[in-house]
Amino acid sequence: MAFRLLLLPGDGIGPEVIAEVERIIAWFNAEGARFEIERDFVGGAAFDVHGTPVTEAAMKKALEADAVLFGAVGGPKWAGVPYDMRPEAALLRLRKDLGLFANLRPAICFDALKDSSALKPEVVSGLDIMIVRELTGGVYFGEPRGITTLADGERRAVDTQVYTTGEIRRIARVAFELARKRRNKVASAEKHNVMHSGLLWKEEVTHVHATEFKDVELTHILADNCAMQLVRNPKQFDVIVTDNLFGDVLSDEAAMLTGSIGMLPSASLGNRDAKTGKQRALYEPIHGSAPDIAGKGVANPLAAILSFAMCLRYSFAMAQEADLLERAIAQILDDGYRTRDVMQAGRSELGTAAMGAKVLGALDKLHA
Ligand code: IPM
Ligand code: MG
């Protein structure tokens, strides 16, 4: 059976890192996998060509694909475009229209990189956290929203934080299921001491736990305390489940603990259709478009490649292949190869394409 992948490289370093993912896909195809590739523009790149950050045709391809591999969007070039035409609007529309409510953001500290963290090596060595961020609700999409001018000339901005029981329960289930395959612990982060949506969040997560996941250890933590604990003692966490906005912030913080935001992948998943088994999914490196280094051939392609490993694991149940790819990358780091973002004294610096080639070489060796 062939799997259909839609590549949306986007802006900045997106096209450079996705080009390396394409070489990895070709390697798996040569080994007998059957990935079929389609491509389209997204973000500023789509705006430049079509005057919109994502076309209806691209949305249709995304809805039909078995998985979407996304690069990055945004950059100073599009700072002046209308708000609803900004590159990021494409990503939000993809998340919403594909129903990608579960965002999985692992923060893993590769042993070879533990000295790159701003924290002491002993605090981060062996770190392996999974942040489960709700991705299609909360303040990112809540209504009403907007800026209005009042009678006295003041301007007033409104965003709405809103959650329903169904939205909270389904993301809680994702977190508990994942925890069962890991260290069996979930920390649920919200602000029930200030926000009604936080109170409902806490009650519903507690309910799902009591009725379906009693075997998993659940703790509740205030989101601000969670931010603090992440830098104080991050290894206390296994799975953290949280809302869209707190998840945005906490996942950037957790990423930086590893010392290498250029290394971290993510998966955004929808519901699995009970009849067809189909589950919509989008995979993206979390580093963003990095316009300052775009086009220079120095971007780290490993986060994008690790995102493809997540794709193999979650969309295609190819766990062995995902393991192989992850082992290849760990091997290269152990051998001392680094892109500029994680370069250390005494190591060998590689550009984007050379790093991609190293991964292919390591795959060949490990596979032989
Ligand atoms: C992320 C990003 C996005 C978000 C932006 C680009 C809209 O920061 O994926 O974390 O805020 O969700
Ligand atoms: Mg973010």
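This report describes the surroundings of ligand 1 and the enclosed cavities of a predicted model.

Local features need pLDDT of at least 70 and side-chain atom pairs count only at pLDDT 80 or more, whereas totals for chains, interfaces and linings use all residues. Residues are numbered from 1 along each chain as its sequence is written, chains are lettered from A and ligands numbered from 1 in the order in which they are written, and side-chain values use heavy atoms, with hydrogens and water left out.

**Ligand 1**

Ligand 1 sits in the largest pocket, where sitting means that more than half of its atoms lie within 2 Å of the grid points of that pocket. The residues around ligand 1, which have a heavy atom within 4 Å of it, are Glu88, Arg95, Arg105, Arg133, Tyr140 and Asp248. By class, this shell has one nonpolar, no polar and five charged residues; Ala, Val, Leu, Ile, Met, Phe, Trp, Tyr, Cys and Pro count as nonpolar, Asp, Glu, Lys and Arg as charged, and the others, Gly among them, as polar.

The table gives polar contacts (pairs of N or O atoms within 3.5 Å) between side chains and ligand 1.

| Side chain | Partner in ligand 1 | Distance |
|---|---|---|
| Arg95 | oxygen atom | 2.7 Å |
| Tyr140 | oxygen atom | 2.5 Å |
| Asp248 | oxygen atom | 2.8 Å |

Taken alone, ligand 1 exposes 320 Å², of which the protein buries 71%, with areas from the Shrake-Rupley method and a 1.4 Å probe.

**Cavities**

On a 1 Å grid over the protein atoms alone, a cavity is a set of points where a 1.4 Å probe fits but cannot get out, a pocket is an open set with protein on both sides within 12 Å along at least five of seven lines, and lining residues have an atom within 4 Å of a point. The structure holds two cavities of 30 Å³ or more, each volume being the space filled by probe spheres set on the points.

The largest cavity has a volume of about 50 Å³, and its lining includes Gln161, Tyr163, Trp201 and Phe246. Helix H7 (196-212) and strand E8 (185-190) each give two or more residues to this lining, with the largest share, three residues, coming from H7; helices (at least four residues) and strands (at least two) are DSSP runs. Five nonpolar, three polar and three charged residues make up the lining.

The second largest cavity holds about 40 Å³ of space, and among the residues that line it are Ile18, Leu69, Tyr283 and Phe308. Helix H10 gives the most to this lining, with three residues, and the lining divides into eight nonpolar, one polar and one charged.

How values were computed: A polar contact is a pair of N or O atoms within 3.5 Å; within protein, one must be able to donate a hydrogen and the other to accept it, and residues adjacent in sequence count only if both atoms are side-chain atoms.
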